[in-house]
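Please read the following report alongside the sequence and the coordinates.

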Amino acid sequence: MTVQPFVHSIRPPDFIPETFDNHIVRRLSDMRGQFADEAAYERLAGGGDPVLYEVYEFLTPAVAGELLSGISILHSGVVGEEYFMTKGHFHEVLDTAEIYHCLSGRGVMMMETPEGRSAAVDLVPGTILYVPPRWAHRSVNVAGDSDLITFFAYPAHAGHDYATIESRGFRRLVLQGDRAPRTVDNPRWKE
Ligand code: S6P
Ligand code: ZN
């Protein structure tokens, strides 16, 4: 199947694409077990099941050579001291990279390799982040009151390994601090 050239368009302030192929909505209930403060999670879940983030995808065939891109909109909030965040994943084809371009808001991209290296990069409007092959990645919204909006693109055959992060978490967490967000070791990280 050959893909014809195509365009999509986004505009501030909400950057929701006028056209897209797939819309993913992830709620608090999709993140059970991922936030460090379980009591805070249950308190928030008791009040409903808020949407944490939405992804608008521009699909292409899942084969090497194609790029899959889209817009990710991560809402603001906290579970205990921990900011709203995406599930996070390794790519199933581990040797595939990804580009993120921050369009709006304030965030941190938490990243780590299977070998134990860890990195946290600030995202502000204009930031272009290269996530190299092998690095798991999770977006974290550290703004008090605005969405974190990013454009992303990655090899369409990369796939997602969510299970590794679901079972052991990320090595580092991003928490609210007195003046600025702080990153700490995840006390529940499992080898
Ligand atoms: C996919 C890419 C993004 C994420 C999105 C949601 O490789 O990294 O499109 O899918 O930011 O995060 P997650 O961890 O729920 O897929
Ligand atoms: Zn990815």
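The report below takes up the metal site, the sheet, the nonpolar cores and one further residue.

This is a predicted model, in which local features need pLDDT of at least 70 and side-chain atom pairs count only at pLDDT 80 or more, while totals for chains, interfaces and linings use all residues. Residues are numbered from 1 along each chain as its sequence is written, ligands are numbered from 1 in the order in which they are written, and side-chain values use heavy atoms, with hydrogens and water left out.

The zinc ion (ligand 2) is held by the residues tabulated here, at 2.1 to 2.3 Å; donors are N, O and S atoms within 2.8 Å of the metal (3.2 Å for Na, K and Ca), and since water is not among the atoms, sites may look incomplete.

| Donor residue | Donor atom |
|---|---|
| His89 | NE2 |
| His91 | NE2 |
| Glu98 | OE |
| His137 | NE2 |

Along the sequence these donor residues follow the spacing H-x1-H-x6-E-x38-H. Because the six donor atoms subtend angles of 73 to 172°, the arrangement is octahedral, a term that requires six donors with opposite ones over 155 degrees apart and all others between 65 and 115. Both His91 and Glu98 are buried, meaning under 20% relative accessible area with a 1.4 Å probe, protein chains only.

An open sheet is formed by six strands (DSSP runs of E, at least two residues) in the order E1-E2-E3-E12-E7-E10, with antiparallel pairing, where two strands pair if DSSP finds at least two bridges between them. Strand E1 (22-27) and E10 are the edge strands, each pairing on one side only. E1 and E2 are joined by six bridges, and His23 stands opposite Tyr56 in E2.

The largest nonpolar core, a set of buried Ala, Val, Leu, Ile, Met, Phe, Trp, Tyr and Cys residues joined through side-chain atoms within 4.5 Å, has 36 residues, and those with the most contacts inside it include Phe35, Leu52 and Val79. Among the elements giving two or more residues to this core are strand E2 (51-58) and strand E8 (107-112), and E8 gives the most, with four residues. A second, separate core of seven residues includes Tyr56, Ile71, Ile73 and Leu103.

Finally, Asn186 lies in the segment after strand E15 (182-185) and counts as buried because its relative accessibility is 11%. Leaving aside neighbours within four places in sequence, Asn186 is in contact (heavy atoms within 4.5 Å) with Arg168, Gly169, Phe170, Arg171, Arg172 and Leu173.

Key:
Buried means under 20% relative accessible area, exposed over 50%, partly exposed in between (1.4 Å probe, protein chains only). Four donors count as tetrahedral if all angles lie between 85 and 135 degrees; four count as square planar and six as octahedral if opposite donors are over 155 degrees apart and all others between 65 and 115; anything else is irregular.
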